[in-house]
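Let's take a walk through a protein model together. Have a look at the picture first, and then we'll go from the whole chain down to single residues.

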Amino acid sequence: MSDRQTATRRRRAREFEAFVAGAAPRLLHAATLLTAEPPTANPHAQRLLTAALARTYAEWDRLRGEDPYDRTRQELAARFARAARRHSRPRGGLLDRLTSQERLILVLRLYEGVAEEQTAALVGLPEERVRAICARAVAAMRDTAVRETAARVMTVQNATVQDAAARDAAGTAADARGARTP
């Protein structure tokens, strides 16, 4: 191998490492949202991101002016869509209540800020369908959040009422003991 080829490979590796250092946290968060895993335990998201970054590295020299972040995001979305078609396992998060397609569109549109036209091209659906799916997913998330908040408020209220009743019962018992003592 010549010195020129070695220098080119080193330069390529440095450029890619700099890209990964800057883009990996945001891409990992997007992958975590897609897989609906908790941020602290996201092995599927990490595997998804590693595969997308490996593909980007393999195509690094052929990008020629194309944004590597966009290319990696496209690969991430495509890999997620393929994996979601094959098997889907519920993981229990808020986003897990959505279908994989709704989750993909929601993450691309709202978290990544990808335009409707680009999202439609990436997912392979008409723009109107992407718009409808995104609206439906947002409405479902809003309904779920409202229901969960109401349930938490009711739980807190019930606990407060039970605590007050227990204090009243304890106070009444103490008063009764105090009344018997001369």
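## The overall picture

Take the contacts in the protein with a separation of 6 or more: 58% of them are between residues 24 or more positions apart. Keep in mind that this is a predicted model. Its secondary structure is easy to list, with 6 helices and 0 strands. Going along the sequence, you would read α-α-α-α-α-α.

What about inside and outside? The protein has 182 residues, and 30% of them count as buried. The exposed surface comes to about 11,600 Å², with 55% supplied by carbon and sulfur atoms.

## The nonpolar cores

Now for the inside. The largest nonpolar core has 24 residues, and the ones touching the most other members are Phe19, Leu27, Leu34, Leu76, Phe80 and Leu104. Four helices each bring at least two residues to this core:

| Helix | Residue range | Share of the core |
|---|---|---|
| α1 | residues 3–35 | at least two residues |
| α2 | residues 43–58 | at least two residues |
| α3 | residues 68–86 | at least two residues |
| α4 | residues 100–111 | at least two residues |

Which helix gives the most to this core? That's α1, with 7 residues. Apart from this core there is another one, made of 11 residues, including Leu95, Ile105, Ile133 and Cys134.

Let's zoom in on Phe19. If you skip its neighbours within four places in sequence, Phe19 is in contact with Ala24, Leu27, Leu53, Thr56, Trp60, Pro68, Tyr69 and Thr72.

## Following α1

Helix α1 deserves a second look. Its buried residues are Arg12, Phe16, Phe19, Ala23, Ala24, Leu27, Ala30, Ala31, Thr32, Leu34 and Thr35. So where does α1 bend? The bend is at Ala23 and is about 50°, with a proline, Pro25, following within four residues.

Just after α1 comes Ala36, with a positive phi of about 60°. Ala36 sits in the loop between α1 and α2, and here the positive phi value belongs to a residue other than glycine.

Is Ala36 buried or exposed? Buried means under 20% relative accessible area. Ala36 has 6% relative accessibility, so this residue counts as buried.

Definitions and conventions: Residues numbered from 1 in each chain as written. Predicted model: local features only at pLDDT ≥ 70, side-chain atom pairs only at ≥ 80, totals over all residues. Heavy atoms only, no water. Core = buried A, V, L, I, M, F, W, Y, C linked by side-chain atoms within 4.5 Å. Buried < 20%, exposed > 50% of the residue type's maximum accessible area, 1.4 Å probe, protein only. Contact = heavy atoms within 4.5 Å. Bend = angle between axes of the 7 residues up to and from the residue. Areas by Shrake-Rupley, 256 points an atom, 1.4 Å probe, with all protein chains shown as cover.
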